[in-house]
Amino acid sequence: MEPHQKPVLHILVVGFHHKKGCQVEFSYPPLVAGTEGKSECPSGWKYLPTLALPDGSHNFASDFVCFNLPSLTDPERSVYGISCYRQIALEAVKNRTADLTRSTVQKSVCTLLALPIYGYVEVKLSLIAQAFFEQGDFASTDILVKAYEQLNACLTSLEPQEIAPTRLHFVGVPLRDLLLKWRHKILILFKLLLLQKRVVCFGSPVHPTCALILGIASLHPELISKGFQQVACVKTSRPMSPMPTFSTTHDEQVEEEVEVNVAEQEGASLPDRPEVSDELNDFDGRSIASAKEATGGCEDQTIGSSSSSSSSPSSASSSPSMDVGAVNVAARSAPPPPTHTLMRETSVDTIASNFSSLYAIEPSEWGAPLRIFHEGQLCLPYISLPYMDLLTDPSVKGYVIGASNVLFQHKRQLADVMIDVEAAVVDALDPDTKRAIQLTTEDLRFVDFVVRHVQTPKEDAEGSEGWIRDQLYGYTVALLKTSLHPDGSKEMEHFNSHFMAAFKATRCYGDWCERTGGGAVPAFEGLLGGHPFAGTLSVADMKLRIAQTMQNSESGRKLNQAVTNTSRAVGGALTTAKGAFSSWWTSITATPQGGQLAPAEQHQQQQQQQSWTTTETTPNEGSGPERADEDEQPTTGTPAFEKDAIPTAEVSASHATSNRTVVEIGREAELLDRGGGDAGAAPKATTNELTFPAGF
């Protein structure tokens, strides 16, 4: 940020019009000078409204969006935006205008910043947006003008040293929540940023995606505070509407040519200088061209000293083929052999002391930050559909973007790695990238150590957000120190040899070597190379490897899904069977409430009592109603068999209150007996009562 520039550049309102789509309804100061600040955007920010109102926002009542824009005045600086989106019912609007034709109103209150302090402004912007929506009159924008003035007054009153990473840049970044959700994958994403690949993160709503991208960036030392200047800057190969165009004047071209000639002359005279090694250690402010020439001069001087010494000629002849890091290590006096590693200890205190020695080094001593987002490498926490063509421009070398439109998910040719934010899945589409981001056993030990402490945090101690950043800071220092070892060494394998080879081929690593004279950092001289968690293999390491494979590989995810589906199906079947058995058992064992029989059961009981007490009779010859009535008169205590034989008889069991089981010949026999008496004479029959004790 320039000294005369305000931290908050603009505050604006973006709304959705049913005919015009997303548009700027208010801006202060006006985005286009000399206008009223309504429905107008600069040509370089033509699609700004689509960033403030993200795709799919109509499905949510609220959301936060973080986005980056190229500066309109400086081609090497970016502008940082934070948008607070709200959707309210039309009934809550007091002053309704003709353009409000739907049942809901969708608007965003947005600020454009000169500093990447997303979280700090997000907290205050949410209160501003709430007050703006609660007043119910969108034509009244005085509250936004006052908020703009107060935010700038609050930020400009701070001293420059108070606007530090620990004060403003990390506010609102949910680092602990991210670590608990992504667990070991957080280290995969951390290392993925170093490879400068094409990474597409997709999810809806947008805020979790923005939080993930900014959270991973905040783990890299001083990346947000000092390495975010060019996150949205790229000089496209052809004019594009999403990007501003800058013309290079004739004077600027002359100055660039003069600087190149001076650099070449300085580089050519470097071999004649008597103290080349001292020049290599002074790496602050060194240009790219002079650093390259200095490296060449160092190689020549090393060859000469090697030939005049008592070393063998073979070492002198092989030195020109050595890489930059090895040459500078050989140029030092009495260099320690890089054969020792930091061994993994079982004591937590020992591990803490190892890390404390790593992150005790100041970032400025080893050239922090690494310029990950530089020279065509973009970091856009959210982009909309109109920016898709920008990703295919040859000037764009790599990017980390967030999107909510499903088309980005289907355009797999635009990405090397696809990240599903909601499901926490990292899908590497490129085989080389997939091998490079695999975590080693030492990496799994390290990230497991961090996750276990985060699960039981202590305030301003183990498990806190500051402690997490310290661990990743120490990991970065150890990684850079180990990168100076020769290829194929054991120390390189601790960080995954495929990853180290890919990392050393990136632009950011080459830029770091050029700025530090090939890694000749004085603060690294007292450090041992290798992984801080290097050690022998144990059973716990095997468990970590199996868990990581099951969670991160495609076959492991399919197996987990199959187990989940099978468990759900078996559990549902057992629940259904248990419910059916319980209902059946209840219907058998349950007694009527209050000990009373139901009306139907009472009627059946009366019929049973009538059938058990029948008379034993000897009918005479003849027929008629009188004889039938005589035959039906009972004799107490004597059950009777029916006069006519019944081909099929219905047998029923009845549970009586006397706990006796009775077998009954159905009432059909009695009805037939009555019918036979009416029809005529029937043979004589004797009936006896058949009773059985309970439990027969």
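**View 1. Ala424, a buried residue in a loop.** With a relative accessibility of 10%, Ala424 counts as buried, because buried means under 20% relative accessible area. Everything in these views comes from a predicted model. Look for Ala424 in the loop between β9 and β10. What is the sign of phi at Ala424? The phi of Ala424 is positive, about 55 degrees, although this residue is not a glycine. For comparison, most residues other than glycine have a negative phi.

**View 2. Strands β9 and β10, on either side of that loop.** Strand β9 covers residues 417-420, and four bridges join it to β10. How do β9 and β10 run, parallel or antiparallel? The two strands run antiparallel. One pair to pick out is Met418 with its bridge partner Asp427, which sits in β10. Strands of a sheet pair through backbone hydrogen bonds.

**View 3. The five-stranded sheet and the helix that lies across it.** Stepping back, you can follow an open sheet in the order β7-β8-β6-β9-β10, with mixed pairing. Why is one side of β7 and of β10 left without a neighbour in the sheet? Strands β7 (377-380) and β10 (425-428) stand at the edges and have a single partner strand each, so one side of each lacks a neighbour there. On average, neighbouring strands of this sheet are turned by 15 degrees against each other, ignoring direction. Helix α7, made of residues 207-219, lies across β6, β7, β8 and β9. Relative to β8 (398-403), helix α7 runs at about 150 degrees.

**View 4. A salt bridge that ends on strand β10.** Asp427 has a second partner to find here: it forms a salt bridge with Arg412, and the closest N and O atoms are 3.0 Å apart. This pair links distant parts of the chain, with Arg412 in the loop between α16 and β9 and Asp427 in strand β10, 15 residues apart. Are these two residues buried, partly exposed or exposed? Arg412 is partly exposed, with a relative accessible area of 40%. Asp427 counts as partly exposed too, at 27% relative accessibility.

**View 5. The hairpin of β1 and β2.** Strand β1 (residues 8-17) and strand β2 (residues 21-28) run antiparallel and are joined by seven bridges. How many residues lie between the two strands of this hairpin? There are three residues between β1 and β2. To find one of the bridges, start at Phe16 and look for its partner Cys22 in β2.

**View 6. Glu25 and Lys107, a salt bridge from the hairpin to β5.** Glu25 forms a salt bridge with Lys107, where the closest N and O atoms are 2.6 Å apart. Glu25 lies in strand β2 and Lys107 in strand β5 (residues 104-113), so this pair ties together parts that are 82 residues apart in sequence. Which cover do the two partners have, buried or partly exposed? Glu25 counts as partly exposed, at 22% relative accessibility, whereas Lys107 is buried, with a relative accessible area of 5%.

**View 7. Glu375 and Arg507, another pair that links distant parts.** The closest N and O atoms in the salt bridge between Glu375 and Arg507 are 3.7 Å apart. Glu375 belongs to the loop between α14 (348-359) and β7, while Arg507 is in helix α22 (residues 507-515), 132 residues apart. Glu375 is partly exposed, at 42% relative accessible area, and Arg507 is partly exposed at 45%.

**View 8. Two cis peptide bonds before prolines.** Most peptide bonds are trans. The bond from Ser204 to Pro205, however, is cis, with omega near 5 degrees. Pro205 has its place in the loop between β6 and α7. The bond from Ala368 to Pro369 is also cis, and its omega is near 0 degrees. Pro369 lies in the loop between α14 and β7.

**View 9. Asn496, with a positive phi.** Asn496 is not a glycine, yet its phi is positive, at about 80 degrees. This residue lies in the loop between α20 (490-493) and α21 (497-504). Asn496 is buried, with a relative accessible area of 7%.

**View 10. A nonpolar patch on the surface.** Which residues make this patch? Leu385, Val406 and Leu407 form a nonpolar surface patch of about 220 Å². Leu407 is part of helix α16 (residues 406-410) and counts as partly exposed, at 38% relative accessibility.

Notes:
Residues are numbered from 1 along each chain as its sequence is written. This is a predicted model: local features need pLDDT of at least 70, side-chain atom pairs count only at pLDDT 80 or more; totals for chains, interfaces and linings use all residues. Side-chain values use heavy atoms; hydrogens and water are left out. Two strands pair if DSSP finds at least two bridges between them. Axes are lines fitted to C-alpha atoms, for helices over the stretch in contact, and angles run from 0 to 180 degrees between N-to-C directions. Contact means heavy atoms within 4.5 Å. Patches are made of residues with over 30% relative accessible area and no salt bridge: like charges are joined within 9 Å, nonpolar side chains (Val, Leu, Ile, Met, Phe, Trp, Tyr) within 5 Å. Accessible areas come from the Shrake-Rupley method with a 1.4 Å probe; for residues, only the protein chains shown count as cover. A salt bridge is a side-chain nitrogen of Lys or Arg within 4 Å of a carboxyl oxygen of Asp or Glu. Buried means under 20% relative accessible area, exposed over 50%, partly exposed in between (1.4 Å probe, protein chains only).
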